Amino acid sequence: IVHAHNVDPLSFVVQAWCMKNTVPFIYTGHLLATKYAEWQNFDFGLALKSIINVSIDVYTKRYYKNCSKIICLNEFARADFESYTHDPEKLVVIPNGHIFRDTPKHCTLSDDKYRLLFPGYISERKNQLFLIDMMRFLHTDKKVELLFAGTFLNDKYKEKVMKAIKNFPENREVKFLGYVEHEKLLEMYSDIHYFVSSALTEVQSLAVIESLASGTPVIGLENTTTTELVKNDYNGYLLNAKSTPEEFAQIVSKYLNITQGKYEKLSENARKSVGFLEYSKISQRYID
């Protein structure tokens with residue numbers, strides 16, 4: 001069995017080999033089928049022309065048609081793939097899994113400063129500019145650090161982001177950590193007060209799952225991941241995708257000022273909320 005995770009030219013070539021040799025070819029959809037154009041981090045054009053002279057739409061439909069099975073990360077993704085492929089029998093729902101660790105939180109709401117984290121590629125889709133604007137509207141005299149763990153996908157967006165952090169108040173700071181090894185990122189959660197997500201499009205974000213599993217509440221805009229996993233005043237808070245940075249800041253400010261007891265309850269609920277994604281359960285579904 002060959003299992004692919006990208007709809008790219010290399011995967012397309014291997015898929016053709018599998019068809020020729022009657023080898024099952026499985027694909028896990030880390031992007032929504034109907035939103036393929038929004039997810040491309042680079043132009044497929046030249047790469048595609050070197051293989052087959054077709055549009056990305058035709059290419060993608062052909063790719064999905066030739067998969068033996070397509071694994072969807074949640075029911076929302078399954079419905080999206082069904083609307084695109086019209087082949088429900090090919091679709092199987094298996095979410096991302098997580099290996100849970102019993103790691104205590106080291107931060108409290110009485111700390112001298114608050115730390116907010118958003119990991120992932122720094123790009124328009126992740127919408128980091130929204131969080132930078134949000135920082136200016138926070139209602140607290142304490143210092144607040146916004147940490148971005150990830151690399152920039154293009155220079156144009158980097159230029160916009162760097163311009164946005166100029167003339168920041170002294171008690172607000174945005175830090176760009178660059179690429180952070182996965183193990184180190186998991187360790188970081190113990191010192192993070194809140195995971196803040198401004199992502200406009202996700203399928204099932206591992207970062208959100210890992211944050212909740214670490215006991216770090218999530219405050220974010222609605223997308224397919226946050227809507228599935230985050231419940232207001234239980235393990236975090238969700239805002240409408242059309243909310244403004246100022247509205248987002250009002251919610252973050254509210255949660256920075258809750259009691260330590262309520263924060264610890266949010267943290268406890270965060271861990272519970274993703275217990276169904278424990279990796280041994282998910283891996284068994286792959287085996288089945």
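Which helices each supply at least two residues of the lining of the second largest pocket? In this predicted model, the helices in question turn out to be α8 (182-188) and α9 (206-213). The pocket they help to line, the second largest, comes out at a volume of about 150 Å³.

As for who sits around that space, the lining includes Leu186 and Glu187 as well as Glu210 and Ala213. Tyr189, Ser190 and Ser214 also belong to the lining. Elsewhere along the chain, His98, Arg101, Thr103 and His106 join in to complete the list. Sorted by class, the lining is a mixed bag: five polar residues go with three nonpolar and three charged ones.

Away from the pocket, a couple of backbone angles are worth a look. His86 is not a glycine, yet its phi is positive, near 55°. This histidine belongs to the loop that runs between α5 (75-85) and β4 (91-93). His86 counts as exposed because its relative accessibility is 67%, with the cut-off for that label set at over 50%.

Asn167 tells a similar backbone story: here, too, phi is positive in a residue that is not a glycine, with a value of about 60°. Its setting is again a loop, this time the one between α7 (155-164) and β7 (172-178). With a relative accessibility of 76%, Asn167 is therefore classed as exposed.

How values were computed. Residues are numbered from 1 along each chain as its sequence is written. This is a predicted model: local features need pLDDT of at least 70, side-chain atom pairs count only at pLDDT 80 or more; totals for chains, interfaces and linings use all residues. Side-chain values use heavy atoms; hydrogens and water are left out. On a 1 Å grid over the protein atoms alone, a cavity is a set of points where a 1.4 Å probe fits but cannot get out, and a pocket is an open set with protein on both sides within 12 Å along at least five of seven lines; lining residues have an atom within 4 Å of a point. Grid points are joined across faces, edges and corners, and a volume is the space filled by probe spheres set on the points. Helices (H or I, at least four residues) and strands (E, at least two) are DSSP runs, numbered from the N terminus. Ala, Val, Leu, Ile, Met, Phe, Trp, Tyr, Cys and Pro count as nonpolar, Asp, Glu, Lys and Arg as charged, and the others, Gly among them, as polar. Buried means under 20% relative accessible area, exposed over 50%, partly exposed in between (1.4 Å probe, protein chains only).
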